[in-house]
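Let's take a walk through this fold together, going from the way its elements are layered down to the rings inside. Please have the view ready to rotate.

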Amino acid sequence: MIYGFYGGKFMPMHKGHLYCIDTAARQCDHVTVIMFVGGNDEMHIRQTDSDPLLQVESRFRQVQRVCQYYDNVECHLVDVSKLKYPDGSEDWDAETPLVRQFVPKMDFVYSSEPSYDAYFKRAYPEAVHVIVDEKRTAFPISGTMIRAMQTIKEKEKWMV
């Protein structure tokens, strides 16, 4: 069996996320998707953006809906709100054991961010970091771009 892992905030779930999940699902026998909640970025975004699509329950429903299309993909929710350094910054290393509860074996870890490489090598040394659509050419979108869009019609073009 080949195991993959993909995690994120999914604020909101968009076609770039789906592309990454689809890539992992095609390359692995089993993929675990984890939605992290309670992180600093999320808290800051939710203080300034009241869009109902950014609420935890709505986001997790989006993730569940996408994952159900794949027989080999499961999803989980992990609260990281209490995993902080004394200065208040996020402690990603403290998240690793929480991920390992759901993903004890991992061959590949997926993201679109090369900057995560050092953390992934430390946290999941047995896994190869697969960078999917780094330049966002397949789907030139990000959660930040969607949140900045003014109309539902604009957002719907990119969301799943």
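Helix 1 lies across strand 1, strand 2, strand 3, strand 4 and strand 5, and its direction runs at about 160° to that of strand 4. Helix 4, made of residues 92-102, also packs on the sheet, where it touches strand 1, strand 2 and strand 3; its direction makes about 140° with that of strand 2. Do keep in mind along the way that this is a predicted model.

Now turn to the sheet itself. In what order do its strands come? The 5 strands are arranged as 3-2-1-4-5 in an open sheet, and their pairing is parallel. Strand 3 and strand 5 (128-131) are the edge strands, each pairing on one side only. On average, neighbouring strands of this sheet are turned by 25° against each other, direction ignored. As a reminder, strands of a sheet pair through backbone hydrogen bonds, either parallel or antiparallel.

For one pairing in detail, look at strand 1 (residues 3-8) and strand 4 (residues 108-111): they run parallel and are joined by 3 bridges. Here Tyr6 stands opposite Tyr110 in strand 4.

Tyr110 leads us to the aromatic residues. The structure holds 10 aromatic pairs. In one of them, Phe108 and Tyr110 form a tilted pair, with 6.3 Å from centre to centre and 45° between the planes. Are these two rings buried or exposed? Tyr110 counts as buried because its relative accessibility is 1%, whereas Phe108, at 24%, counts as partly exposed; the cut-off for buried is under 20%. Another tilted pair is formed by Phe120 and Tyr124, at 6.0 Å centre to centre with 35° between the planes, and both of these residues are buried. Phe120 and Tyr124 also belong to a cluster in which ring pairs link them with Phe5, Trp92, Tyr116 and Tyr119.

Finally, let's visit helix 3, residues 56-67. With 12 residues at 1.5 Å a residue, helix 3 should span 16 Å, and its end C-alpha atoms are indeed 16 Å apart, so expectation and model agree. Which residues of helix 3 are buried? They are Val56, Ser58, Arg59, Phe60, Gln62, Val63, Val66 and Cys67. An α-helix has 3.6 residues a turn, so residues three or four places apart point the same way. The buried residues of helix 3 pack against helix 1 (15-27) and helix 2 (40-48), as well as strand 2 (30-37) and strand 3 (73-79). That brings us back to helix 1, which lies across the strands where our walk began.

Methods. Residues numbered from 1 in each chain as written. Predicted model: local features only at pLDDT ≥ 70, side-chain atom pairs only at ≥ 80, totals over all residues. Heavy atoms only, no water. Helix = DSSP H or I, 4+ residues; strand = E, 2+ residues; numbered from the N terminus. Expected span 1.5 Å × (residues − 1). Buried < 20%, exposed > 50% of the residue type's maximum accessible area, 1.4 Å probe, protein only. Contact = heavy atoms within 4.5 Å. Pairing = 2+ DSSP bridges. Axes fitted to C-alpha atoms, helices over the stretch in contact; angles between N-to-C directions. Phe/Tyr/Trp six-rings, centres within 6.5 Å; stacked < 30°, edge-to-face > 60°.
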